[in-house]
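Okay, everyone, thanks for squeezing me in. Let me put the structure up, and then we'll walk through the sheets and the helix that goes with them.

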Amino acid sequence: MSENPISISSLNDFIFCPVSIYFHAVDGGNEKLLYQDSCQLNGTEVHKNSDAGLYSDLRSMLQGIPVYCEKLDLCGKIDTFDISRGILTERKKKIKTIYDGYIFQLYGQYYALIEMGYTVKEIRLYSMDDNRVYKIDKPEDNHEMNDKFLSLVDEMKKFSFSEFKQSNQLKCKNCIYEPICGFSSI
């Protein structure tokens, strides 16, 4: 494992704004109510049972286990992986839109599980509030998304704060860190 692997959970954050990853790390030791908005707090709550291994008592269900993909230098945790059925599931509180970042989190987990020797037959998102399952194409079944995923990982490895300029005001308007961010476009 490299000294600074990319966190699978930061893939979605990086797409929103690379600077938000920095603020998450800086605020990491503080009380979450001070720096997380309601969506982030809900997401933390969603993952509580799987992180603690309490989502299912089936022996074939891996829950909240750490994974690492050496090839891409990605690390993180999976929500659930049903070994017997080969189904990897990333749970979200409420899915209104399937963002690329959600898919890329699944891709990172997928590649890590494959590298660890597991057989993954299906990947999916699960929206808890409305009990909906969204089947997602595996990377080898969607070359366009896989190329975007690999480009994102490469971009994250090469990222430099000194060269970054946020140009999307809408992202800044929806960012909880905007008032203290020196990169804001507002």
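So, E6 and E7: six bridges join these two strands, and they run parallel. This is a predicted model, by the way, so keep that in mind as we go. If you want one pair to look for, find threonine 89, whose bridge partner in E7 is arginine 124.

Now follow E7, residues 122-127, on to its other neighbour. E7 is joined to strand E8, residues 132-136, by five bridges, and this time the strands run antiparallel. Serine 127 is the residue that stands opposite arginine 132 in E8. The hairpin of E7 and E8 has four residues between the strands, and one of the details there is asparagine 131, which takes a positive phi near 55°.

Zoom out a bit. What is the order of the five strands in this open sheet? Reading across, we get E2-E5-E6-E7-E8, with mixed pairing. The edges are strand E2, at 61-63, and E8, and each of those pairs on one side only. On average, neighbouring strands here are turned by 25° against each other, ignoring direction.

Next, the helix. H5 lies across E5 (80-82), E6, E7 and E8, and it runs at about 145° to E6.

Let's stop at a residue I like, glutamate 90, which sits in strand E6, residues 87-92. Is glutamate 90 buried or exposed? Its relative accessible area is 3%, so glutamate 90 counts as buried, the cut-off being under 20%. And what does the side chain of glutamate 90 make a polar contact with? That would be the side chain of glutamine 109, at 2.9 Å.

Okay, second sheet. Here three strands form an open sheet in the order E1-E4-E3, and the pairing is again described as mixed. The edge strands are E1, at 6-7, and E3, at 66-69, each pairing on one side only. Helix H5, residues 100-115, shows up here too: H5 packs on this sheet and touches E3 and E4, with its direction making about 85° with that of E3.

Last stop, the E1 side. E1 and strand E4, residues 74-77, run parallel and are joined by two bridges. To find the spot on screen, go to isoleucine 6 and look across to its bridge partner in E4, leucine 74.

That's my tour. Who wants to drive the mouse?

Conventions:
Residues are numbered from 1 along each chain as its sequence is written. This is a predicted model: local features need pLDDT of at least 70, side-chain atom pairs count only at pLDDT 80 or more; totals for chains, interfaces and linings use all residues. Side-chain values use heavy atoms; hydrogens and water are left out. Two strands pair if DSSP finds at least two bridges between them. Contact means heavy atoms within 4.5 Å. Axes are lines fitted to C-alpha atoms, for helices over the stretch in contact, and angles run from 0 to 180 degrees between N-to-C directions. Buried means under 20% relative accessible area, exposed over 50%, partly exposed in between (1.4 Å probe, protein chains only). A polar contact is a pair of N or O atoms within 3.5 Å; within protein, one must be able to donate a hydrogen and the other to accept it, and residues adjacent in sequence count only if both atoms are side-chain atoms.
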